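Here is a short note on how this structure is put together. Please read it with the model open.

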There are 2 protein chains.
Amino acid sequence: MTITITAFERSPDGGKGLARDTRVRWALEEVEQPYAVRLLSFAAMKEPEHLALHPFGQIPTYQEDGLALFETGAIVLHLAERHAGLLPDDAHARARAISWMFAALNTVEPPILEFVTAWLFERDKPWHEARLPLVKDRVRQRLDQLSVRLGGADWLDGAFSAGDLMMVSVLLRLKPSGMLEGHPVLAAYVARGEARPAYKRAFAAQLAVNNPQAAG
Amino acid sequence: MTITITAFERSPDGGKGLARDTRVRWALEEVEQPYAVRLLSFAAMKEPEHLALHPFGQIPTYQEDGLALFETGAIVLHLAERHAGLLPDDAHARARAISWMFAALNTVEPPILEFVTAWLFERDKPWHEARLPLVKDRVRQRLDQLSVRLGGADWLDGAFSAGDLMMVSVLLRLKPSGMLEGHPVLAAYVARGEARPAYKRAFAAQLAVNNPQAAG
């Protein structure tokens, strides 16, 4: 089986690992599957050929023999269901780990996306300074709740799972802003994710594309 | 097997079917599983008892013998994987339908959530009028792309699936604003979803809770 994913030819974050291909690379490394990467320019992402793979003109996509998928969450779930390493064996524990994947993507990430959008794309707007505290409060509410739930545990529900992979990836978006620093429980959780050998390999692989000099 | 979900004692939308329990009710109706509903006040949603079930203090939750889940996407996927009616049999087609579930929740819903937040909670802010067109443009971009992909088809990928259930549910959030009217392909798609007997039963069930007079 040959797996091919797509990624930015040049990620807007310059290699911080925040583009969504890093999530898929991480999952592939956790389940020890080799993969090829096809790099795309922003122009190529809007071409019919790519839109046929990804209706919203984004990366990553995932192709293996006869199957084409888009959406990071779906790709990670597909890998997690077919290979050992990202979901527990027990059926109930699996369903709970999948709950955490959806929680990361549909409950925790939306306010973070709103914050990142305000931070990156509304910085020059007259309302930016007055509005930012509101947006940060919405993020903080989720961080508070997540922090309480995690408590003293290493991972969200037993052993590391696809739920943790996704939650750590979502929280990593906050790192450049310093917002995680007010939540030491979550900062330590994210650091545990970053310390995993599979994450390190995924990060290095995207860095080699996006900032070859820093990758050395 | 006894299934119990939670829902608002009184939904903020007054029975328009936009609270997330409607998505789970719809899935339960599609797969023909009976269920009980436990109604919660806003105060009860913040109590430790509920936070143990749902770390973010929201509805719906899902309980069956020995299993407790939160997150609408995870609950719908759990039902779809265990009962006929929401996912195709073919493994590749199943994975693609799940891609559409994630696309609804992580690509289409976030800009819609941002719009709804601006619409409901930033209406009285001095920046509201100047900012709203930006927020609407982000939604419109997704609607344009989705509309192109759907084209003349009834559903996103072959027969109706959990992907359509979720996408229609996400798009329904735009109905009160009139924003769907500029996208006739999507308005017709949403109408097809609303016309399904399972959706009608789910809608009626939440209306009976939230607006008994309208439910008659």
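1. Start with the contact between the chains. 32 residues of chain A are in contact with 32 residues of chain B. Two residues are in contact if their C-beta atoms, placed from the backbone, lie within 7 Å.

2. Keep the source in mind. This is a predicted model, where local features need pLDDT of at least 70, side-chain atom pairs count only at pLDDT 80 or more, and totals for chains, interfaces and linings use all residues. Residues are numbered from 1 along each chain as its sequence is written, while chains are lettered from A and ligands numbered from 1 in the order in which they are written.

3. Which elements of chain A give two or more residues to the side that touches chain B? They are β4 (67-70), α4, α5 (91-121) and α6 (128-150) of chain A. α5(A) gives the most, with 14 residues. (Helices, H or I, at least four residues, and strands, E, at least two, are DSSP runs numbered from the N terminus.)

4. Now the symmetry. A turn of 180 degrees and a shift of 0.0 Å along the axis lay chain A on chain B with an RMSD of 0.0 Å; copies are superposed by least squares on the C-alpha atoms of residues with pLDDT of at least 70 in both. That is the relation of a two-fold axis. In chain A, the C-alpha of A:Pro110 is nearest the axis, 2.6 Å from it. The same surface serves both copies, as 100% of the contact residues of chain A recur in chain B.

5. Last, the domains. Chain A is divided into domain 1 (4-85 + 198-215) and domain 2 (91-196), with bounds from an automatic or database domain assignment. Their C-alpha centres lie 21 Å apart.
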